[in-house]
Amino acid sequence: TQMAERLPGPDPRFTWNAPFEFVLHSSNAHGWPQIALALTNIDGTGAEQVLAYARCHVPLRSGAVTMDLPLMQTVQATPQHKVFGALSGPPELRDLAFLCSAEDRVVMNAKRVPGHVRLAFNVAISDMGTLNYT
């Protein structure tokens, strides 16, 4: 969890410098790691509310890779839920891993929201050739 404050001005930006380092050992690239993000805000009552979600796969090539992830916000699926959502706000995911799985994602409705998250990766992959991956 990282906290940031928006910079004032005509082009407000948030900056997080959160280096993560991890090592994965596998003989199969199936289920390649993904990163899921939830951008939250603290409202006037002190409650945390999710503004947007983003996700991506970790790059499969060595080197420096920069990715711009589009932001999405969950929306209500039915007119009845939309009435309830007008009072309670957009629906929130209980578990961010849901974004990374293919199971039941067809039941989730989302809309694109303005903005993006830029991730910078420095990836080192070795011994893929010995496993016949190119």
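This is a working chat about a predicted model of one protein chain.

User: What does the secondary structure of the protein chain come to?

Analyst: The model is predicted. Its protein chain has two helices and four strands. Read from the N terminus, the elements go β-β-β-α-α-β.

User: And how much of the chain counts as buried?

Analyst: 17% of the 134 residues.

User: What share of the contacts join residues at least 24 apart?

Analyst: The share is 56%, taken among contacts between residues at least 6 apart in sequence.

User: OK, the core. Which residues are in the largest nonpolar core?

Analyst: There are 12: Leu-39, Ala-52, Ala-54, Cys-56, Val-65, Leu-69, Leu-71, Val-113, Val-117, Leu-119, Phe-121 and Val-123. Strands β2 (48-57), β3 (63-75) and β4 (109-123) each contribute at least two of them.

User: Which one gives the largest share?

Analyst: β4, with five residues of this core.

User: Pick Val-113. What does it touch?

Analyst: Leaving out residues up to four places away in sequence, Val-113 is in contact with Ala-52, Leu-71, Met-72 and Gln-73. Of these partners, Ala-52 and Leu-71 are also listed in the core.

User: Switching to voids. How many cavities of 30 Å³ or more does a search of the whole structure find?

Analyst: One. The volume of the largest cavity is about 30 Å³.

User: What lines the largest cavity?

Analyst: The lining consists of Val-50, Leu-51, Ala-52, Tyr-53, Gln-73, Thr-74, Pro-90, Pro-91 and Glu-92. Two elements, β2 and β3, give two or more residues to it. β2 gives the most, with four residues.

User: How does that lining divide into nonpolar, polar and charged?

Analyst: Six nonpolar, two polar and one charged.

User: Thr-74 is in that lining. Is Thr-74 buried or exposed?

Analyst: Thr-74 belongs to strand β3. It counts as buried, because its relative accessibility is 6% and the cut-off for buried is under 20%.

User: What does Thr-74 touch?

Analyst: Not counting residues up to four places away in sequence, Thr-74 touches Tyr-53, Pro-90, Pro-91, Glu-92, Leu-93, Met-108, Asn-109 and Ala-110. Among them, Tyr-53, Pro-90, Pro-91 and Glu-92 also line the largest cavity.

User: Charges next. How many salt bridges does the structure hold?

Analyst: One. Asp-68 pairs with Arg-118, and their closest N and O atoms are 2.7 Å apart. The pair links distant parts of the chain, with Asp-68 in strand β3 and Arg-118 in strand β4, 50 residues apart.

User: Why would two such side chains pair at all?

Analyst: Side chains of opposite charge can pair when their charged atoms come close.

User: How do the two ends rate on accessibility: Asp-68 and Arg-118?

Analyst: Asp-68 is partly exposed at a relative accessible area of 42%. Arg-118 counts as exposed at 53% relative accessibility, because the cut-off for exposed is over 50%.

User: Now the helices. How many buried residues are there in α1?

Analyst: One among its 10 residues, so helix α1 (residues 79-88) is hardly covered.

User: What follows α1?

Analyst: Gly-89, which has a positive phi near 95°.

User: Over to Asn-41. Where is it found?

Analyst: In strand β1 (residues 34-42). Asn-41 counts as partly exposed, at 34% relative accessibility. Its contacts, not counting residues up to four places away in sequence, are Ala-47, Glu-48, Gln-49 and Leu-51.

User: How far apart are the C-alpha atoms of Asn-41 and Leu-51?

Analyst: They are separated by 6.6 Å, and the two residues are 10 apart along the chain.

User: And Ser-101, what is its place?

Analyst: Ser-101 sits in the loop between α2 (97-100) and β4. Its relative accessible area is 25%, which is partly exposed. Its C-alpha atom is 9.6 Å from that of Gln-34, a residue 67 places away along the chain.

User: Last one: where does Trp-16 lie?

Analyst: In the segment before β1. Trp-16 is partly exposed, at 36% relative accessibility. The C-alpha atoms of Trp-16 and Leu-119 are separated by 9.9 Å, with their positions 103 residues apart along the chain counted as the spacing. Leu-119 is one of the core residues.

Notes
Residues are numbered from 1 along each chain as its sequence is written. This is a predicted model: local features need pLDDT of at least 70, side-chain atom pairs count only at pLDDT 80 or more; totals for chains, interfaces and linings use all residues. Side-chain values use heavy atoms; hydrogens and water are left out. A nonpolar core is a set of buried Ala, Val, Leu, Ile, Met, Phe, Trp, Tyr and Cys residues joined through side-chain atoms within 4.5 Å. Buried means under 20% relative accessible area, exposed over 50%, partly exposed in between (1.4 Å probe, protein chains only). Contact means heavy atoms within 4.5 Å. On a 1 Å grid over the protein atoms alone, a cavity is a set of points where a 1.4 Å probe fits but cannot get out, and a pocket is an open set with protein on both sides within 12 Å along at least five of seven lines; lining residues have an atom within 4 Å of a point. Grid points are joined across faces, edges and corners, and a volume is the space filled by probe spheres set on the points. Ala, Val, Leu, Ile, Met, Phe, Trp, Tyr, Cys and Pro count as nonpolar, Asp, Glu, Lys and Arg as charged, and the others, Gly among them, as polar. A salt bridge is a side-chain nitrogen of Lys or Arg within 4 Å of a carboxyl oxygen of Asp or Glu.
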